[in-house]
Amino acid sequence: MAVAATFCLIGCASTVFAIESQPSQEAIRAALDRGAEAAKQHQPPDTFYTRFGATDDLHPSGFLITKLAALSVMATHMGLRGIQPGEADIAQTLEGKTMLVSATIFGNMPNFAVDSYMVLDQAGKTIKPVTVRFDAQANRSAAWPEPPRFKAKVVASFAYADFDPLAETVITIFPANGGEVAFPVDFSQIQ
């Protein structure tokens with residue numbers, strides 16, 4: 001059941017792209033400003049997630065969060081509450097060693113996602129995650145009781161030091177019951 005999902009990038013427009021593990025002060029300030037502006041416009045913080053896969057509720061999809069996106073998300077959350085991120089909050093985000101990738105997959109048993117695994121493939125090089133979590137009990141999908149009956153999340157963290165931030169990448173999830181779900185993503189187009 002190999003499924004190749006279409007890449008879809010949603011987020012703020014910018015002229016500088018690439019996943020940065022050590023962003024410049026200028027990039028950090030710009031990310032915080034984007035979040036503050038989003039809060040003023042009452043936009044949801046998840047606007048800054050990089051999304052991939054389907055845009056409907058019945059096909060695999062997901063998102064990833066880079067350091068700069070995490071700063072924008074944090075600034076939006078705090079701005080919506082009328083506060084600004086403190087230096088400790090910013091430092092904690094910037095000190096993170098991993099990038100979070102979350103995917104929603106579908107199956108027909110409530111425990112289909114148990115022991116699922118996720119990897120990145122970059123030009124034949126497989127990058128393994130630092131951590132992987134999955135829903136032990138899936139939720140009913142929008143198709144219930146028709147297939148696909150259940151949806152579950154698989155969440156992995158990948159060390160910035162392990163992957164090429166400019167490479168064409170395929171994010172692949174392997175459910176324990178077999179098959180795979182693959183998402184092609186161009187990391188060079190992500191901020």
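**Strand pairing, cores and a one-faced helix**

Strands β5 (residues 117–122) and β10 (residues 168–174) run antiparallel and are joined by five bridges. The model described here is predicted. Within this pairing, Leu120 of β5 faces Ile171 in β10. Strand β5 has another partner in β6 (residues 125–127), with three bridges in the antiparallel sense. There, Gln122 is bridged to Lys125 of β6. In a regular strand, side chains alternate between the two faces of the sheet.

The hairpin of β5 and β6 has two residues between its strands. One residue of this loop is Ala123. Ala123 is not a glycine, yet its phi is positive, at about 55°. Ala123 is also exposed, because its relative accessible area is 83% and the cut-off for exposure is over 50%.

A comparable backbone feature precedes β5. Asp115 lies in the loop between β4 (98–107) and β5. Its phi is positive, about 65°, although Asp115 is not a glycine. With 55% relative accessibility, Asp115 counts as exposed. Most residues other than glycine have a negative phi, and most peptide bonds are trans.

Two peptide bonds depart from the trans form. The bond from Trp144 to Pro145 is cis, with omega near 5°. The bond from Pro147 to Pro148 is cis as well, with omega near -5°. Pro145 is placed in the loop between β8 (139–140) and β9 (150–159). Pro148 lies in the loop between β8 and β9 too.

Strand β4 contains Thr98. This residue counts as partly exposed, because its relative accessibility is 33% and that class runs between 20% and 50%. Thr98 touches Val130, Ser157, Phe158, Ala159 and Tyr160, with residues up to four places away in sequence left out of the count. Thr98 and Ile83 are 15 residues apart along the chain, and their C-alpha atoms are separated by 26 Å.

The interior was examined next. In soluble globular proteins, nonpolar side chains tend to be buried together. The largest nonpolar core here has 27 residues. Met118, Phe163, Ile171 and Phe187 have the most contacts inside it. Strands β4, β5, β9, β10 and β11 (180–186) each supply at least two residues of this core. The greatest contribution comes from β9, which gives five residues. Another core, of 10 residues, lies apart from this one. Its members include Ala27, Ala31, Leu71 and Met78.

Aromatic rings were then searched for pairs. The whole structure holds five aromatic pairs. In one of them, the ring centres of Tyr160 and Phe163 are 5.8 Å apart and the planes meet at 40°, so the pair is tilted. The tilted class applies because 40° is neither under 30 degrees nor over 60. Tyr160 and Phe163 are both buried. Together with Phe187, Tyr160 and Phe163 form one aromatic cluster. Phe163 and Phe187 are also among the residues with the most contacts inside the largest nonpolar core.

Helix α1 (residues 25–40) was considered last. Its 16 residues should span 22 Å at 1.5 Å a residue, and its end C-alpha atoms are 23 Å apart, which agrees. The buried residues of α1 are Ala27, Ile28, Ala31, Leu32, Arg34, Gly35, Ala38 and Ala39. Seen down the axis of α1, these buried residues fall within an arc of 150°, so they line one face of the helix. An α-helix has 3.6 residues a turn, so residues three or four places apart point the same way. On the other side of α1, Gln25, Glu26 and Lys40 are exposed. The cover over the buried residues of α1 includes α2 (67–80) and α3 (87–94). Two of the buried residues of α1, Ala27 and Ala31, are among the members of the 10-residue core. Just after α1, His42 takes a positive phi of about 60°.

Notes: Residues are numbered from 1 along each chain as its sequence is written. This is a predicted model: local features need pLDDT of at least 70, side-chain atom pairs count only at pLDDT 80 or more; totals for chains, interfaces and linings use all residues. Side-chain values use heavy atoms; hydrogens and water are left out. Two strands pair if DSSP finds at least two bridges between them. Helices (H or I, at least four residues) and strands (E, at least two) are DSSP runs, numbered from the N terminus. Rings of Phe, Tyr and Trp (its six-membered ring) pair if their centres lie within 6.5 Å; planes under 30 degrees apart count as stacked, over 60 as edge-to-face and the rest as tilted. Buried means under 20% relative accessible area, exposed over 50%, partly exposed in between (1.4 Å probe, protein chains only). The expected span of a helix is 1.5 Å times one less than its number of residues. The arc is that of the directions from the helix axis to the C-beta atoms. Contact means heavy atoms within 4.5 Å. A nonpolar core is a set of buried Ala, Val, Leu, Ile, Met, Phe, Trp, Tyr and Cys residues joined through side-chain atoms within 4.5 Å.
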